[in-house]
Amino acid sequence: MRRLVAIVNSSAGSAGDEVVSRVLAELGEHADTVAARIGDPAELPQALAAHPGRDPVVLGGDGTLHCVVEALAERGELGRRTVGLVPLGTGNDLARTLGVPMDPVEAARVAALGEPRPLDLLRDDGGGVVVNAVHLGVGVEAARAAKPLKPVLRRFAYAAGSVIAGARMTGLPLKVEVDGRVVADGRRRVLMVGIGNGRSIGGGTPIAPDARPSDGLADVVVSFATSPLRRLLYGVLLRLGRHTSRQDVVTVRGARIRISGPPVPVNADGELTGPVTGRTWTVEEGAWRLSAVRAGTRP
């Protein structure tokens with residue numbers, strides 16, 4: 001029987017007491033499980049240290065998952081502890097990419113009984129990690145505009161924020177290099193840059209619709225759609241996952257991505273950081289493991 005520690009994020013989007021109780025009961029039915037409740041990511045290292053030898057199961061969203069993986073990386077335990085995920089956040093974007101059940105009880109069953117699946121990790125030169133996606137430009141402004149709307153609109157808040165941001169932003173003079181190839185030279189203004197390990201951001205917006213989180217490469221999407229009409233069309237097609245077919249959108253794949261230019265904020269796994277004038281992300285293939293559905297079985 002596996003030994004698990006359920007990391008309960010009290011501030012996650014849908015982590016109500018009833019749902020958490022059902023999830024903990026399901027985990028306890030299939031594995032030796034203890035619960036660790038946190039109200040702040042700073043409490044994670046202590047929670048992990050208090051339960052050595054137990055695989056963490058995240059009851060939360062992309063932000064909580066990001067923090068758990070980051071804490072494991074800092075402790076040198078990424079290769080030794082398999083992570084489980086019960087998506088109780090607002091967006092749950094990596095769960096969507098990986099096919100983790102959205103039903104909390106089904107997800108708990110997978111977390112307890114699934115097999116370890118190796119996944120890639122993005123590391124940046126500032127010491128941070130990214131499990132799902134990082135983006136700059138209009139997407140960051142959309143996330144800012146969406147934040148006060150989340151309590152009412154939930155995962156649809158990002159779509160509303162995108163409309164607001166698209167009307168305001170006219171682009172940034174960013175230089176983008178992928179494996180040494182210059183994709184944007186810093187002279188032509190860029191509306192948005194997305195780096196996808198997972199496929200979507202903001203609760204289902206498919207920024208990198210063809211991304212595969214275990215192939216050793218990140219999908220890089222650069223939009224040059226800076227005129228008012230082109231911004232509008234880009235926003236509509238982005239939501240539909242059809243933006244990569246536009247002539248003013250460049251998509252490439254690579255293992256090392258460098259972005260530089262004026263100070264800009266960065267959205268990494270839904271968390272805003274920066275501003276930064278330059279940052280490099282490198283793909284670490286198979287750096288961590290997630291409990292996934294066993295081949296040929298149902299969750």
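Helices (H or I, at least four residues) and strands (E, at least two) are DSSP runs, numbered from the N terminus. The model is predicted: local features need pLDDT of at least 70, side-chain atom pairs count only at pLDDT 80 or more, and totals for chains, interfaces and linings use all residues. Residues are numbered from 1 along each chain as its sequence is written, and side-chain values use heavy atoms, with hydrogens and water left out.

**Exercise 1. Place Asp179 and Asn92, and describe their backbone and burial.**

Step 1. Find Asp179. It sits in the loop between β8 (175–178) and β9 (181–185).

Step 2. Check its backbone. Phi of Asp179 is near 50 degrees, a positive value in a residue other than glycine.

Step 3. Check its burial. Buried means under 20% relative accessible area, exposed over 50%, and partly exposed in between (1.4 Å probe, protein chains only). Asp179 has 46% relative accessibility, so it counts as partly exposed.

Step 4. Turn to Asn92. This residue lies in the loop between β4 and α4. Asn92 is not a glycine, yet its phi is positive, at about 55 degrees. Its relative accessibility is 8%, so Asn92 counts as buried.

**Exercise 2. Work out the strand order of the four-stranded open sheet, and find what packs on it.**

Step 1. Set the pairing rule. Two strands pair if DSSP finds at least two bridges between them.

Step 2. Read the order. The four strands run β2-β1-β3-β4, with parallel pairing. At the edges stand β2 (32–38) and β4 (84–87), each pairing on one side only. From one strand to the next, the twist averages 20 degrees.

Step 3. Look at one pair. Strand β3 (residues 55–60) is joined to β4 by four bridges, and the two run parallel. Within this sheet, Leu59 stands opposite Val86 in β4.

Step 4. Add the helices. Contact means heavy atoms within 4.5 Å. Axes are lines fitted to C-alpha atoms, for helices over the stretch in contact, and angles run from 0 to 180 degrees between N-to-C directions. Helix α3 (residues 62–74) packs on the sheet and touches β1 (3–9), β3 and β4. The direction of α3 makes about 155 degrees with that of β3. Helix α5 (residues 104–113) lies across β1, β3 and β4, at about 180 degrees to β4.

**Exercise 3. Is helix α5 largely enclosed or largely open, and what covers its buried residues?**

Step 1. Count. Seven of the ten residues of α5 are buried, so the helix is largely enclosed by the rest of the structure.

Step 2. Name them. They are Pro104, Val105, Ala107, Ala108, Val110, Ala111 and Ala112.

Step 3. Find the cover. It includes β1, α1 (17–30), β3, β4 and β14 (271–292).

Step 4. Inspect the start. Asp103 caps the N-terminal end of α5, with a side-chain oxygen 3.2 Å from the backbone nitrogen of Val105.

**Exercise 4. Describe strand β10 and its partners.**

Step 1. Check burial. Five of the five residues of β10 (residues 192–196) are buried, so the strand is largely enclosed by the rest of the structure.

Step 2. Sort the directions. Met192, Gly194 and Gly196 point one way, and Val193 and Ile195 the other way. In a regular strand the side chains alternate between the two faces of the sheet.

Step 3. List partners. Strand β7 (residues 133–137) pairs with β10 in the antiparallel sense over five bridges. Strand β11 (residues 218–223) also pairs with β10 in the antiparallel sense over five bridges.

Step 4. Focus on Gly194. Gly194 is the bridge partner of His135. Gly194 also stands opposite Val221 in β11.

**Exercise 5. Place Val129 and list its contacts beyond its sequence neighbours.**

Step 1. Val129 is found in strand β6 (residues 129–130). Its relative accessible area is 3%, so Val129 is buried.

Step 2. Leave aside neighbours within four places in sequence. Val129 then contacts His66, Glu70, Leu121, Leu122, Arg123, Asp124 and Asp269.

Step 3. Val129 and Ala71 are 58 residues apart along the chain, and their C-alpha atoms are separated by 9.9 Å.

**Exercise 6. Find the cis peptide bond that leads into Pro275.**

Step 1. Pro275 has its place in strand β14.

Step 2. The bond runs from Gly274 to Pro275 and is cis, with omega near 10 degrees.

Methods:
Polar contact = N/O pair within 3.5 Å; in protein donor to acceptor, adjacent residues only side chain to side chain.
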